[in-house]
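User: Please take a close look at the main pocket in this model and walk me through it residue by residue. I'd also like to hear about what lies around it and elsewhere in the chain.

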Amino acid sequence: MASNIPTVKLNNGKEMPILGLGTWKSKPGEVTQAVKDAIDAGYRHIDCAHVYQNENEVGEGIAAKIADGTVKREDLFVVSKLWNTMHRPDLVRPALEATLKHLKLAYLDIYLIHWPMAYKEDGELFPTSADGKVLYSDVDFVDTWKEMEKCVEAGLTKSIGVSNFNSKQLERLLSSCKIKPVTNQVECHPYLPQNKLAAHHKALGVVLTAYSPLGSPDRPWATADDPKLLDEPRLKAIADKYKKEPAQILIRYQIEKGNVVIPKSVTKSRIISNKDVFDFKLTPEDVASIDSFDCNGRFVPLTNVKDHKYHPFANTEF
(Lines give C-alpha, C1' and ligand atoms only; values in the text may rest on other atoms or scores of the structure.)
Protein backbone atom coordinates (compact mmCIF):
# COMPACT_ATOMS: atom_id res chain seq x y z
CA MET A 1 0.00 0.00 0.00
CA ALA A 2 1.31 3.44 -0.87
CA SER A 3 1.68 5.95 1.94
CA ASN A 4 -0.70 8.89 2.17
CA ILE A 5 0.94 10.35 5.27
CA PRO A 6 1.88 14.04 4.90
CA THR A 7 5.38 15.24 5.73
CA VAL A 8 6.84 18.21 7.56
CA LYS A 9 9.89 20.03 6.23
CA LEU A 10 12.94 20.01 8.51
CA ASN A 11 15.38 22.89 8.81
CA ASN A 12 17.84 21.11 6.50
CA GLY A 13 15.23 20.76 3.75
CA LYS A 14 14.53 17.07 4.30
CA GLU A 15 10.94 15.79 4.66
CA MET A 16 9.78 13.81 7.71
CA PRO A 17 6.46 11.91 7.80
CA ILE A 18 4.21 13.56 10.37
CA LEU A 19 3.05 10.17 11.69
CA GLY A 20 5.32 7.29 12.66
CA LEU A 21 5.28 4.00 14.54
CA GLY A 22 6.69 4.15 18.06
CA THR A 23 8.49 1.06 19.37
CA TRP A 24 9.12 1.88 23.06
CA LYS A 25 7.89 -1.06 25.18
CA SER A 26 7.23 -3.19 22.08
CA LYS A 27 8.42 -6.63 23.12
CA PRO A 28 10.77 -8.81 21.13
CA GLY A 29 8.59 -11.40 19.47
CA GLU A 30 5.91 -8.79 18.76
CA VAL A 31 7.70 -5.84 17.25
CA THR A 32 8.91 -7.48 14.02
CA GLN A 33 5.33 -8.19 12.99
CA ALA A 34 4.22 -4.73 14.17
CA VAL A 35 6.80 -3.11 11.89
CA LYS A 36 5.71 -5.26 8.96
CA ASP A 37 2.04 -4.48 9.62
CA ALA A 38 2.80 -0.76 9.86
CA ILE A 39 4.72 -0.68 6.58
CA ASP A 40 1.95 -2.66 4.88
CA ALA A 41 -0.56 -0.11 6.23
CA GLY A 42 1.40 2.78 4.72
CA TYR A 43 3.62 3.91 7.59
CA ARG A 44 7.06 4.97 6.42
CA HIS A 45 8.44 6.48 9.65
CA ILE A 46 9.72 4.08 12.33
CA ASP A 47 10.99 5.41 15.67
CA CYS A 48 13.56 3.29 17.53
CA ALA A 49 16.15 3.53 20.30
CA HIS A 50 19.06 1.46 21.53
CA VAL A 51 17.67 1.39 25.08
CA TYR A 52 14.42 -0.23 23.91
CA GLN A 53 16.51 -3.38 23.32
CA ASN A 54 14.43 -4.43 20.33
CA GLU A 55 16.28 -2.83 17.41
CA ASN A 56 17.35 -6.19 16.01
CA GLU A 57 13.69 -7.26 15.76
CA VAL A 58 12.69 -3.87 14.29
CA GLY A 59 15.44 -4.36 11.72
CA GLU A 60 14.08 -7.79 10.83
CA GLY A 61 10.69 -6.23 10.07
CA ILE A 62 12.23 -3.50 7.93
CA ALA A 63 14.45 -5.98 6.09
CA ALA A 64 11.49 -8.25 5.34
CA LYS A 65 9.46 -5.45 3.76
CA ILE A 66 12.43 -4.28 1.68
CA ALA A 67 13.13 -7.87 0.59
CA ASP A 68 9.53 -8.50 -0.52
CA GLY A 69 9.47 -5.27 -2.55
CA THR A 70 6.88 -3.41 -0.45
CA VAL A 71 9.33 -0.53 0.06
CA LYS A 72 12.83 0.56 -0.84
CA ARG A 73 15.16 1.85 1.86
CA GLU A 74 14.79 5.41 0.54
CA ASP A 75 11.00 5.19 1.06
CA LEU A 76 11.51 4.78 4.81
CA PHE A 77 12.32 7.31 7.52
CA VAL A 78 14.07 5.58 10.41
CA VAL A 79 14.95 7.35 13.66
CA SER A 80 17.04 6.04 16.55
CA LYS A 81 18.66 7.40 19.68
CA LEU A 82 22.00 7.50 21.47
CA TRP A 83 21.66 6.14 25.00
CA ASN A 84 22.87 7.95 28.14
CA THR A 85 25.81 5.62 28.79
CA MET A 86 27.29 6.42 25.38
CA HIS A 87 27.64 10.22 25.51
CA ARG A 88 31.42 10.13 25.84
CA PRO A 89 32.78 11.34 22.48
CA ASP A 90 34.69 8.15 21.67
CA LEU A 91 31.52 6.07 22.14
CA VAL A 92 29.12 8.02 19.91
CA ARG A 93 30.04 6.69 16.49
CA PRO A 94 30.40 3.07 17.69
CA ALA A 95 26.95 3.35 19.29
CA LEU A 96 25.44 4.52 16.00
CA GLU A 97 27.26 1.81 14.08
CA ALA A 98 25.88 -0.82 16.49
CA THR A 99 22.34 0.52 15.97
CA LEU A 100 22.81 0.38 12.20
CA LYS A 101 24.01 -3.21 12.46
CA HIS A 102 20.95 -4.18 14.53
CA LEU A 103 18.58 -2.36 12.18
CA LYS A 104 20.38 -3.83 9.14
CA LEU A 105 20.71 -0.38 7.59
CA ALA A 106 23.54 1.63 6.08
CA TYR A 107 22.27 4.94 7.46
CA LEU A 108 19.59 6.51 9.68
CA ASP A 109 17.34 9.39 8.72
CA ILE A 110 17.69 10.98 12.16
CA TYR A 111 19.90 10.11 15.15
CA LEU A 112 18.89 11.72 18.44
CA ILE A 113 20.58 12.27 21.79
CA HIS A 114 17.98 10.41 23.86
CA TRP A 115 18.39 12.48 27.05
CA PRO A 116 20.72 15.38 27.90
CA MET A 117 21.97 13.43 30.92
CA ALA A 118 25.04 11.18 30.68
CA TYR A 119 25.34 8.02 32.77
CA LYS A 120 28.48 6.10 33.73
CA GLU A 121 29.98 4.44 30.67
CA ASP A 122 31.25 0.94 29.90
CA GLY A 123 28.66 -1.11 31.75
CA GLU A 124 24.95 -1.58 32.21
CA LEU A 125 22.34 0.59 30.46
CA PHE A 126 21.23 1.73 33.92
CA PRO A 127 24.43 1.71 35.99
CA THR A 128 23.73 1.83 39.72
CA SER A 129 25.63 1.91 42.98
CA ALA A 130 25.20 -0.68 45.70
CA ASP A 131 22.36 1.38 47.19
CA GLY A 132 20.52 1.54 43.85
CA LYS A 133 21.38 5.10 42.84
CA VAL A 134 22.01 5.72 39.14
CA LEU A 135 25.68 6.49 38.47
CA TYR A 136 26.39 9.57 36.38
CA SER A 137 29.02 10.72 33.93
CA ASP A 138 30.06 14.36 33.69
CA VAL A 139 30.13 14.42 29.86
CA ASP A 140 28.70 17.66 28.46
CA PHE A 141 26.01 17.10 25.82
CA VAL A 142 27.62 19.80 23.66
CA ASP A 143 30.70 17.59 23.36
CA THR A 144 28.45 14.65 22.51
CA TRP A 145 26.77 16.77 19.83
CA LYS A 146 30.08 17.50 18.11
CA GLU A 147 30.49 13.76 17.57
CA MET A 148 26.92 13.51 16.29
CA GLU A 149 27.83 16.13 13.69
CA LYS A 150 30.76 13.95 12.58
CA CYS A 151 28.31 11.07 12.06
CA VAL A 152 26.37 13.24 9.59
CA GLU A 153 29.58 14.11 7.80
CA ALA A 154 30.45 10.39 7.62
CA GLY A 155 27.08 9.59 6.00
CA LEU A 156 25.89 7.41 8.89
CA THR A 157 22.81 9.57 9.47
CA LYS A 158 21.08 12.16 7.29
CA SER A 159 20.03 14.42 10.18
CA ILE A 160 20.57 14.72 13.93
CA GLY A 161 18.39 15.93 16.76
CA VAL A 162 17.65 15.64 20.45
CA SER A 163 15.05 14.21 22.79
CA ASN A 164 13.88 15.38 26.21
CA PHE A 165 15.81 18.67 26.04
CA ASN A 166 14.31 21.74 27.67
CA SER A 167 14.26 25.16 26.03
CA LYS A 168 17.49 26.38 27.67
CA GLN A 169 19.37 23.20 26.78
CA LEU A 170 18.26 23.47 23.18
CA GLU A 171 19.34 27.11 23.03
CA ARG A 172 22.72 26.20 24.47
CA LEU A 173 23.17 23.55 21.81
CA LEU A 174 22.13 25.94 19.04
CA SER A 175 24.68 28.50 20.21
CA SER A 176 27.57 26.09 19.72
CA CYS A 177 26.60 23.73 16.88
CA LYS A 178 27.66 23.50 13.25
CA ILE A 179 24.68 21.31 12.33
CA LYS A 180 21.36 22.40 13.76
CA PRO A 181 19.13 19.81 15.46
CA VAL A 182 16.11 19.11 13.26
CA THR A 183 13.78 17.93 16.02
CA ASN A 184 13.34 17.61 19.76
CA GLN A 185 11.33 14.52 20.69
CA VAL A 186 9.44 15.10 23.94
CA GLU A 187 6.50 13.75 25.89
CA CYS A 188 3.43 15.54 24.56
CA HIS A 189 -0.30 14.91 25.06
CA PRO A 190 -3.26 16.94 26.36
CA TYR A 191 -2.24 16.59 30.02
CA LEU A 192 1.18 17.98 28.98
CA PRO A 193 0.54 19.86 25.71
CA GLN A 194 3.95 21.59 25.58
CA ASN A 195 2.51 24.69 23.90
CA LYS A 196 5.27 27.01 25.15
CA LEU A 197 7.98 24.59 24.09
CA ALA A 198 6.36 24.10 20.68
CA ALA A 199 6.15 27.86 20.07
CA HIS A 200 9.77 28.24 21.19
CA HIS A 201 10.87 25.46 18.82
CA LYS A 202 8.89 26.86 15.91
CA ALA A 203 10.67 30.20 16.30
CA LEU A 204 13.99 28.34 16.18
CA GLY A 205 13.05 26.13 13.22
CA VAL A 206 13.09 22.91 15.25
CA VAL A 207 10.23 20.43 14.83
CA LEU A 208 8.61 19.00 17.96
CA THR A 209 8.06 15.23 17.86
CA ALA A 210 5.42 14.03 20.34
CA TYR A 211 6.05 10.76 22.16
CA SER A 212 3.51 9.11 24.48
CA PRO A 213 0.72 10.98 22.62
CA LEU A 214 -1.88 8.57 24.06
CA GLY A 215 -0.67 9.08 27.64
CA SER A 216 1.56 5.98 27.73
CA PRO A 217 -1.03 3.75 29.43
CA ASP A 218 1.36 0.77 29.42
CA ARG A 219 4.29 2.57 31.07
CA PRO A 220 5.86 0.15 33.56
CA TRP A 221 5.52 2.47 36.59
CA ALA A 222 1.82 3.32 36.11
CA THR A 223 -0.36 2.94 39.21
CA ALA A 224 -4.06 2.24 39.50
CA ASP A 225 -4.67 5.79 40.73
CA ASP A 226 -2.99 7.54 37.80
CA PRO A 227 -5.30 9.42 35.43
CA LYS A 228 -5.97 7.57 32.17
CA LEU A 229 -6.01 9.98 29.26
CA LEU A 230 -7.86 7.60 26.94
CA ASP A 231 -10.71 7.41 29.47
CA GLU A 232 -11.07 11.20 29.72
CA PRO A 233 -14.84 11.93 29.33
CA ARG A 234 -14.21 15.26 27.56
CA LEU A 235 -12.04 13.45 25.02
CA LYS A 236 -14.66 10.75 24.49
CA ALA A 237 -17.27 13.43 23.77
CA ILE A 238 -15.10 14.88 20.99
CA ALA A 239 -14.43 11.39 19.63
CA ASP A 240 -18.17 10.70 19.51
CA LYS A 241 -18.72 13.95 17.62
CA TYR A 242 -16.36 12.82 14.84
CA LYS A 243 -17.26 9.11 15.06
CA LYS A 244 -13.63 8.37 15.82
CA GLU A 245 -11.75 6.60 18.61
CA PRO A 246 -10.22 8.67 21.45
CA ALA A 247 -6.75 7.57 20.28
CA GLN A 248 -7.45 8.94 16.81
CA ILE A 249 -8.48 12.30 18.29
CA LEU A 250 -5.25 12.42 20.31
CA ILE A 251 -3.16 11.71 17.20
CA ARG A 252 -5.08 14.23 15.10
CA TYR A 253 -4.63 16.80 17.89
CA GLN A 254 -0.85 16.62 17.45
CA ILE A 255 -1.14 16.84 13.67
CA GLU A 256 -3.34 19.96 13.94
CA LYS A 257 -0.52 21.55 15.95
CA GLY A 258 2.08 20.66 13.32
CA ASN A 259 3.84 18.21 15.65
CA VAL A 260 5.23 14.91 14.39
CA VAL A 261 3.53 12.11 16.36
CA ILE A 262 4.69 8.55 17.03
CA PRO A 263 2.01 6.40 18.73
CA LYS A 264 3.14 2.93 19.72
CA SER A 265 1.18 -0.24 19.13
CA VAL A 266 1.88 -3.88 18.31
CA THR A 267 -1.77 -4.65 17.51
CA LYS A 268 -2.47 -4.67 13.77
CA SER A 269 -5.97 -3.22 14.05
CA ARG A 270 -4.73 -0.35 16.22
CA ILE A 271 -1.75 0.31 13.99
CA ILE A 272 -4.19 0.71 11.10
CA SER A 273 -6.66 2.74 13.18
CA ASN A 274 -3.93 5.09 14.41
CA LYS A 275 -3.18 5.99 10.80
CA ASP A 276 -6.85 6.63 9.94
CA VAL A 277 -6.65 10.29 10.95
CA PHE A 278 -6.35 12.12 7.65
CA ASP A 279 -10.03 12.15 6.66
CA PHE A 280 -11.10 14.74 9.23
CA LYS A 281 -9.86 17.87 10.99
CA LEU A 282 -10.45 19.20 14.49
CA THR A 283 -11.85 22.70 14.77
CA PRO A 284 -9.81 25.37 16.59
CA GLU A 285 -12.43 25.15 19.34
CA ASP A 286 -11.84 21.41 19.70
CA VAL A 287 -8.08 21.96 19.91
CA ALA A 288 -8.57 24.66 22.55
CA SER A 289 -10.85 22.36 24.51
CA ILE A 290 -8.27 19.58 24.45
CA ASP A 291 -5.54 22.06 25.42
CA SER A 292 -7.59 22.83 28.52
CA PHE A 293 -6.84 19.33 29.86
CA ASP A 294 -3.34 20.67 30.68
CA CYS A 295 -2.37 19.78 34.26
CA ASN A 296 1.41 19.57 33.77
CA GLY A 297 0.78 15.83 33.85
CA ARG A 298 4.14 14.35 32.96
CA PHE A 299 4.06 10.53 32.75
CA VAL A 300 7.83 10.14 32.11
CA PRO A 301 9.45 12.40 34.74
CA LEU A 302 12.64 10.41 35.51
CA THR A 303 12.51 11.63 39.10
CA ASN A 304 15.11 9.03 40.13
CA VAL A 305 17.80 11.12 38.39
CA LYS A 306 16.46 14.60 39.18
CA ASP A 307 19.75 15.55 40.86
CA HIS A 308 21.69 15.12 37.58
CA LYS A 309 23.10 18.48 36.53
CA TYR A 310 21.44 18.17 33.11
CA HIS A 311 18.07 16.82 34.26
CA PRO A 312 15.73 18.65 31.86
CA PHE A 313 12.64 19.10 34.03
CA ALA A 314 14.19 20.41 37.23
CA ASN A 315 15.16 24.04 36.74
CA THR A 316 13.32 25.55 33.82
CA GLU A 317 9.84 26.77 33.01
CA PHE A 318 9.69 24.72 29.79
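Analyst: Ser212 touches Trp24, Glu187, Cys188, His189 and Val300, where touching means heavy atoms within 4.5 Å and residues up to four places away in sequence are not counted. Keep in mind that this is a predicted model, in which local features need pLDDT of at least 70 and side-chain atom pairs count only at pLDDT 80 or more, while totals for chains, interfaces and linings use all residues. Residues are numbered from 1 along each chain as its sequence is written, and side-chain values use heavy atoms, with hydrogens and water left out.

Ser212 sits in the loop that joins strand S9 (207–211) to helix H7 (233–242); helices (H or I, at least four residues) and strands (E, at least two) are DSSP runs numbered from the N terminus. With a relative accessible area of 10%, Ser212 is buried (buried is under 20%, exposed over 50%, partly exposed in between, with a 1.4 Å probe and protein chains only).

That brings us to the pocket you asked about. The largest pocket has a volume of about 980 Å³. It is lined by 45 residues, and those closest to its centre are Trp24, Lys25, Ser212, Ser216 and Asp218. Trp24 therefore appears twice in this picture, as a contact of Ser212 and, alongside Ser212, close to the pocket centre, while Ser212 itself counts as buried. On the method: on a 1 Å grid over the protein atoms alone, a pocket is an open set of points where a 1.4 Å probe fits, with protein on both sides within 12 Å along at least five of seven lines, and lining residues have an atom within 4 Å of a point. The volume is the space filled by probe spheres set on the points.

Two elements give two or more residues to this lining, helix H8 (246–256) and helix H9 (268–275). Within H9, Ile271, Ser273, Asn274 and Lys275 are buried. The buried residues of H9 pack against S3, H1 and H8, and H8 is the other helix named for the lining. By class, the lining holds 23 nonpolar, 16 polar and six charged residues (Ala, Val, Leu, Ile, Met, Phe, Trp, Tyr, Cys and Pro are nonpolar, Asp, Glu, Lys and Arg charged, and the others, Gly among them, polar).

Next comes the second largest pocket, which has about 380 Å³ of space. Of its 18 lining residues, Gln194, Asn296, Arg298, Glu317 and Phe318 lie nearest the centre. Helix H6 (residues 195–204) supplies the largest share of this lining, three residues. The lining divides into eight nonpolar, six polar and four charged residues.

Gln194 makes a nice companion to Ser212. Gln194 is placed in the loop between strand S8 (183–187) and H6, and at 13% relative accessibility it counts as buried. Leaving out residues up to four places away in sequence, Gln194 touches Val186, Glu187, Cys188, Leu208 and Arg298. Arg298 is one of the residues nearest the centre of the second largest pocket. Glu187 and Cys188 provide a link between the two stories: they are among the contacts of Gln194, and they are also among the contacts of Ser212.

Let's go back to the N-terminal part, where S3 and H1 belong to the surroundings of H9's buried residues. Glu30 is found in the loop between strand S3 (21–22) and helix H1 (31–41), and is partly exposed, with a relative accessible area of 33%. From Glu30 to Glu57 there are 27 residues in sequence and 8.5 Å in space, C-alpha to C-alpha.

Ser3 lies in the segment before strand S1 (7–9). It is partly exposed, at 33% relative accessible area. Ser3 and Gly42 are 39 residues apart in sequence, with their C-alpha atoms 4.2 Å apart. Ser3 touches Gly42 and also Arg44, again not counting residues up to four places away in sequence.

Two loop residues with an unusual backbone angle finish the tour. Most residues other than glycine have a negative phi. Gln53, however, has a positive phi near 60 degrees. It lies in the loop between strand S4 (45–47) and helix H2 (55–67), and counts as exposed at 57% relative accessibility. Lys104, not a glycine either, has a positive phi of about 60 degrees. Its place is the loop between H3 and S6, and its 40% relative accessibility makes it partly exposed.
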